[in-house]
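Work through the exercises below with the sequence and the model side by side. Try each task before reading its solution.

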Amino acid sequence: MSERITRAQIPLSEMTITPGSACQGCGAALAARLAFKALGPNVIRHGIPCCPDSVTKTPRTGTVFEGGGALLTGTSRGLKAIGRDDVKAVAFYGDGGTYDIGFQGLSAAAERNEDVLVLTKDNEAYMNTGNQRSSATPKYSMTSTTPVGPKSRGKPRHKKNVPFIFAAHYVPYVATASVGFPEDLIAKVTYAKDLKGFRMIIIQAPCPVGWRYDPAKTIEVARSGVQTGLWPLYEIEDGQNFKLNYKPKELKPVSEYLSPQRRFRHMTEDETAEIQEDTTTKWDTLTRADELGRLII
Amino acid sequence: MHGRGGQGAVTASRIIATAAYEEGTYSQAIPMYGTERRGAPLTAFVRLDDVRVRERELVHTPDISIVLDPLIAKQQAVVDNLKPGGLVILNTAHKPEEVELGGDFKVATIDATTIALETLGRPITNTAILGAFAKITGLLKLESIEKAILKYFPGRLGEMNIAAVRRSYEEASDPIQAVVTKAPAEKVDIHVGGYGVLKDVSSWRLLTPEIDVDTCIGCKNCWIFCPETAIEWDEDTMKPSIRYNACKGCGLCANECPVDAIEMVRVEA
């Protein structure tokens with residue numbers, strides 16, 4: 001499990017070349033900046049179609065959505081063949097490339113326990129093409145393919161629990177992180193960097209355009225997502241050992257996360273109460289697993 | 001029509017086309033396809049004609065250029081491709097006589113940002129320039145624009161936008177011939193399309209952060225949370241400084257500063 005770090009321990013050197021072509025207040029650009037800052041220069045970055053976030057000084061290669069897992073496998077095996085243990089194959093994919101289209105390739109790579117690090121910036125929809133729903137989109141969220149009208153209340157189904165799905169491949173390391181907690185994010189990336197085998201970190205990356213809030217509030221939104229329990233920060237090792245990284249005495253009400261975002265503004269009190277109940281139940285399960293130190297699957 | 005992502009240039013082009021359609025004119029609205037980002041400069045085009053518009057191409061030599069953003073309005077590129085004797089409508093607080101764009105065209109100005117902020121509460125300047133467009137060009141009636149707006153923004157939002165259009169209609173001044181006749185030698189391309197690293201994004205900003213170093217307590221919040229690495233940290237003095245050509249003006253730093261040492265100031269246009 002990762003060690004806590006303080007802000008003074010965060011490296012000052014940057015790996016990103018800015019200004020990039022991301023929108024104002026982009027959560028994904030910040031996620032890229034923080035993650036690659038922690039990874040340092042000896043990294044080959046892999047990309048698949050997604051929003052343009054920060055450009056990094058590392059070499060970069062890319063492929064189609066479906067090929068994400070295969071490309072990573074090729075790089076990591078190639079590095080092993082030429083004996084470069086010091087260079088890491090790192091993926092920086094979006095939620096579409098992890099949760100939906102790229103899922104089968106990554107699942108296969110996880111099952112083979114390839115020596116790769118997968119970073120996912122989760123902005124909860126296909127934001128590059130204009131906010132279409134993905135399986136990372138939370139329930140009741142308004143997107144351009146799940147609009148709100150007389151017969152639709154936004155997305156009808158829950159967000160897919162991808163960290164647990166990958167943990168169920170019994171891979172060495174799966175974690176969630178958020179741009180609102182940079183120390184936690186950097187600690188996790190630094191720890192995962194030196195592990196062997198399949199590692200995955202899913203980073204919550206709020207999107208001001210798709211989530212419809214003022215770009216200045218990116219961190220506020222990210223932070224309240226964690227504080228309300230909707231985006232719990234945890235680590236799972238070997239599919240079993242479990243640790244919650246952020247444990248407040250009391251969770252904030254979910255409305256604090258939902259109300260600033262206009263993608264949820266149609267929600268009634270009943271619907272908010274439903275999300276609240278669901279979140280509390282899931283949080284109870286997580287805290288119990290944290291007390292035990294392991295997951296019971 | 002030049003604007004930046006989030007100001008509604010594409011919507012404005014559609015409103016003009018819809019309004020013209022309401023009046024029985026053939027019309028067409030197309031945005032330029034690229035990597036549209038919130039804050040990034042973009043262009044949309046409208047064709048109006050008495051006969052059916054069969055062309056599907058972008059407009060390369062427009063009769064009228066409408067600029068939704070005060071900073072883009074300072075760049076020569078917005079008038080470069082105008083037909084001789086064309087018209088440019090700029091969103092700026094300056095008078096037409098003070099505009100420093102060179103060439104043979106007519107200039108009209110309207111302070112659409114102020115109108116938008118006062119009527120809509122947000123700097124979305126698309127509707128706040130349409131009133132001026134209707135008055136200056138005389139191509140469209142105010143009523144048909146209002147009708148078109150209600151089609152795109154039903155309800156209260158539509159009423160607010162109509163208020164913006166009416167105010168802009170009243171405040172618009174008559175166009176005058178451009179004072180400067182020669183274009184400047186140095187030119188900046190306003191399109192920053194594509195993925196990758198950009199040179200300068202300072203024209204993306206509506207609000208600029210300013211740091212009060214005396215109030216700063218050195219918590220590093222602004223530095224760690226800046227998505228564009230626009231804030232540099234000096235480890236010796238424990239104070240931040242801003243790289244203004246990388247700052248897109250999102251306001252994250254000001255929002256996260258625990259002691260309000262960063263203030264977002266409106267850019268002088």
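**Exercise 1.** Among the elements of chain B, which has the lowest mean pLDDT and which the highest?

*Solution.* This is a predicted model, in which local features need pLDDT of at least 70 and side-chain atom pairs count only at pLDDT 80 or more, while totals for chains, interfaces and linings use all residues. Residues are numbered from 1 along each chain as its sequence is written, and chains are lettered from A and ligands numbered from 1 in the order in which they are written. The score to compare is pLDDT, the predictor's confidence in each residue, from 0 to 100. Elements are DSSP runs numbered from the N terminus, helices being H or I with at least four residues and strands E with at least two. Strand E1 (residues 2-4) of chain B has the lowest mean, 74, and helix H7 (residues 221-225) of chain B the highest, 93. For chain B as a whole the mean pLDDT is 82, with 91% of its residues at 70 or more.

**Exercise 2.** Describe helix H4 (residues 126-137) of chain B, beginning with its span.

*Solution.* First, take the expected span, which is 1.5 Å times one less than the number of residues. With 12 residues, H4(B) reaches 16 Å from its first C-alpha to its last, close to the 16 Å expected. Next, consider burial: a residue is buried if 20 or more other C-beta atoms, placed from the backbone, lie within 10 Å of its own, exposed if 12 or fewer, and partly exposed in between. Because 11 of the 12 residues of H4(B) are buried, the helix is largely enclosed by the rest of the structure; among them are Leu130(B), Phe133(B) and Lys135(B). Finally, the helix is followed by Gly138(B), whose phi is positive, near 70°.

**Exercise 3.** Is Ser202(B) buried, exposed or partly exposed, and which residues does Ser202(B) touch?

*Solution.* Begin by locating Ser202(B) in the loop between strand E7 (176-177) and strand E8 (207-211) of chain B. Ser202(B) has 18 C-beta neighbours inside 10 Å, and therefore counts as partly exposed. Leaving out residues up to four places away in sequence, Ser202(B) touches Tyr244(B), Asn245(B) and Cys247(B), where contact requires C-beta atoms, placed from the backbone, to lie within 7 Å.

**Exercise 4.** How many residues does each chain bring to the contact between chain A and chain B?

*Solution.* Chain A gives 29 residues and chain B gives 29 residues. On the side of chain A, strand E1 (16-17), helix H1 (27-39) and helix H7 (218-227) each supply at least two residues.

Note on methods: Two residues are in contact if their C-beta atoms, placed from the backbone, lie within 7 Å.
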